[in-house]
Amino acid sequence: MYRRLSSVLFPIVSILLIGSLIWGYQQYQQRNAVALKSENQYQRSFHDLSYHMDRIHSELGNTLAVSSASDGMHKKGLMNVWMLASQAQSELNDLPLTSLPVNKTEELLSRISKFAYQTSLRDLHEKPLTAQEKENLRTLYKNSAEINKDLDQVQLSVLSDNLKWGDAEAALTAQGNKQQRNVIVDGLRAVDQKVGNYPPMDWGPSVSSLYEQRAVRKLGGVPVTTEDIKRKAQKFTDIDNPEIQVIQNGKGTDYRSYTANLTAPDGHLIRMDFTVDGGLLISYNDEREVGPKQVNRDTAMSKADRFLEHKGYRDMKAVAYNEYDNLGNFTYVREHDDVLVYPEKITVRVGLDNGEVIGIQASEFLNEHKDDRVFAEPKIKLKDARAQLNPDFKVSFTRKALIKNEFSEEVLCYQFGGKINDTMYRIYINTETGVEEAVEEIPAPTAGSKM
């Protein structure tokens, strides 16, 4: 009886065991393939960043080398600098640096891009480069050489020591005081600190106005105390009697804020930033360890929608989504009078293990939010705006959107979403002039939707 039972069960158990081993190996291979694809993408982005920074340095040198009367070469050089700086800024944002702010480097690239673009727009024969603008170019030429040297050193370490960007992200997201040292992280942090220590430059009124101190202009309210911040932090997290530490940042400057650090019941850290005036939330970051992906985009978006509604951010609509490993990042903008107000933006980070929100960044929403927005009646009809599109562009949706143009001016547009050359795009047509204000590619994960 036992032999007969064994003769039946043994093959079945063997098949199940072999099947589970094959399944496990396939899962292992799939995870490795995804990790390798992400690693290759990050390596390529950093290589391109280093390359384009080197090109910026060369183009600045070329622009400075020609005669002061060579307005044509000045315009060409500045246009090249603008395009290269924009590309470098995009590549910097593609790196997995969510826990390592490189805002000084990103801001410098943004200023270089704006300065080069707006200077190249004018008639340089009638209004040649000023002495201050030439001095700016010389300073940027010198600074870009230093940045390139540091980036090259990081890249050399990555290649010679076979360093992984996944390890850098793991070092950044290590909880609390367990943060690990990492050559990539330390190198990029050093670059950002060096950029932050550069003396301020006179970019001229056209560029400086784009970076005005909006917090001073818009974020009014009664100054709050550390005890007020503790109450706000406790209410936002819904944690009973948490241990909270509050630090005031930028004391004596125009950028004062509070940082509240909470210890969650399971011991991980939650960090929030608030404005001193009014005690408004700037950012929220739950540093819990995120497990393997279990939920899809739609489930994550549904939970993010409810989270924003519950926290008082009403009439917000998701317009973009990207995914890295087990994290999902949504971009939300406010919808007012059937218009998507893109300047009023909030980014939301979701853990894809359970779909819960683990981070938000609301600084742009705070700086740009207006309750009394009134939109002018369009001078251009929708059908006339649509007629401006490429005949091969297949429109799948239309709506109104308020965006900022290259001069940081708010313009009301018709937004057309559709496909051309097998790629989804959003195209923005000014409702007053009929001019095409912007074109942006919709990433593949959101293609086919209105997001």
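1. Contacts of Lys-345. In this predicted model, Lys-345 touches Thr-331, Tyr-332, Val-333, Gln-361, Glu-364 and Phe-365, once neighbours within four places in sequence are set aside. Lys-345 sits in strand 7, residues 339-351. Its relative accessible area is 25%. Because buried means under 20% and exposed means over 50%, Lys-345 counts as partly exposed. One further distance is worth a check in the viewer. The C-alpha atoms of Lys-345 and Lys-317 are 9.6 Å apart, with the two positions 28 residues apart along the chain.

2. Ala-304. Is Ala-304 buried or exposed? Ala-304 is buried, at 0% relative accessibility. Ala-304 belongs to helix 10, residues 297-310. Beyond four places in sequence, Ala-304 is in contact with Phe-330, Tyr-332, Val-348, Val-350 and Val-357. The C-alpha separation from Ala-304 to Phe-330 is 8.4 Å, and the two are 26 residues apart along the chain. Tyr-332 is on the contact list of Ala-304 and also on that of Lys-345.

3. Overall make-up. The protein has 451 residues, of which 41% are buried. Its secondary structure consists of 12 helices and 12 strands. Take the contacts between residues at least 6 apart in sequence: 59% of them join residues at least 24 apart. The accessible surface is about 25300 Å². Carbon and sulfur atoms account for 51% of that surface.

4. Nonpolar cores. The largest nonpolar core holds 38 residues. Within it, Phe-46, Met-53, Ile-56 and Ile-147 touch the most other members. Which elements give two or more residues to this core? They are helix 1 (2-65), helix 2 (71-94), helix 3 (103-121), helix 4 (131-160), helix 5 (165-173) and helix 6 (183-196). Another core, of 35 residues, lies apart from it. Its members include Ile-229, Tyr-258, Ile-270 and Ala-300.

5. Met-53. This residue deserves its own point. Leaving out neighbours within four places in sequence, Met-53 is in contact with Ala-88, Leu-109, Ile-147, Asn-148 and Leu-151. Met-53 also lines the largest cavity. The lining of the second largest cavity includes Met-53 too.

6. Largest cavity. How many cavities of 30 Å³ or more does a search of the whole structure find? The search finds 2. The largest has a volume of about 80 Å³. Its lining is Leu-49, Met-53, Leu-92, Val-102, Thr-105, Leu-109, Ile-147, Leu-151, Leu-188 and Val-191. By class, 9 of these are nonpolar, 1 is polar and none is charged. Helix 1, helix 3, helix 4 and helix 6 each give at least two residues to the lining.

7. Second largest cavity. The volume here is about 30 Å³. Met-53, Leu-60, Leu-108, Ile-112, Leu-140, Asn-143, Ser-144 and Ile-147 form the lining. That makes 6 nonpolar and 2 polar residues, with no charged ones. Helix 1, helix 3 and helix 4 each supply at least two. Helix 4 gives the most, with 4 residues. Ile-147 appears in this lining and in that of the largest cavity.

8. Second largest pocket. Its volume is about 410 Å³. The pocket is lined by 14 residues, and Lys-232, Phe-236, Leu-281, Lys-311 and Tyr-313 are the closest to its centre. Helix 9 (226-237) and helix 11 (363-368) each give two or more residues to the lining. Helix 9 contributes the most, with 3. What is the class make-up of this lining? There are 7 nonpolar, 3 polar and 4 charged residues.

9. Backbone angles to check. Most residues other than glycine have a negative phi. Two aspartates are listed here with positive values. Phi of Asp-315 is near 60 degrees. Asp-315 lies in the loop between helix 10 and strand 5 (316-324). Asp-422 has a phi of about 65 degrees. Its place is the loop between strand 10 (410-420) and strand 11 (423-430). Asp-422 is exposed, with 74% relative accessibility.

Terms used:
Residues are numbered from 1 along each chain as its sequence is written. This is a predicted model: local features need pLDDT of at least 70, side-chain atom pairs count only at pLDDT 80 or more; totals for chains, interfaces and linings use all residues. Side-chain values use heavy atoms; hydrogens and water are left out. Buried means under 20% relative accessible area, exposed over 50%, partly exposed in between (1.4 Å probe, protein chains only). Contact means heavy atoms within 4.5 Å. Accessible areas come from the Shrake-Rupley method with a 1.4 Å probe; for residues, only the protein chains shown count as cover. A nonpolar core is a set of buried Ala, Val, Leu, Ile, Met, Phe, Trp, Tyr and Cys residues joined through side-chain atoms within 4.5 Å. On a 1 Å grid over the protein atoms alone, a cavity is a set of points where a 1.4 Å probe fits but cannot get out, and a pocket is an open set with protein on both sides within 12 Å along at least five of seven lines; lining residues have an atom within 4 Å of a point. Grid points are joined across faces, edges and corners, and a volume is the space filled by probe spheres set on the points. Ala, Val, Leu, Ile, Met, Phe, Trp, Tyr, Cys and Pro count as nonpolar, Asp, Glu, Lys and Arg as charged, and the others, Gly among them, as polar.
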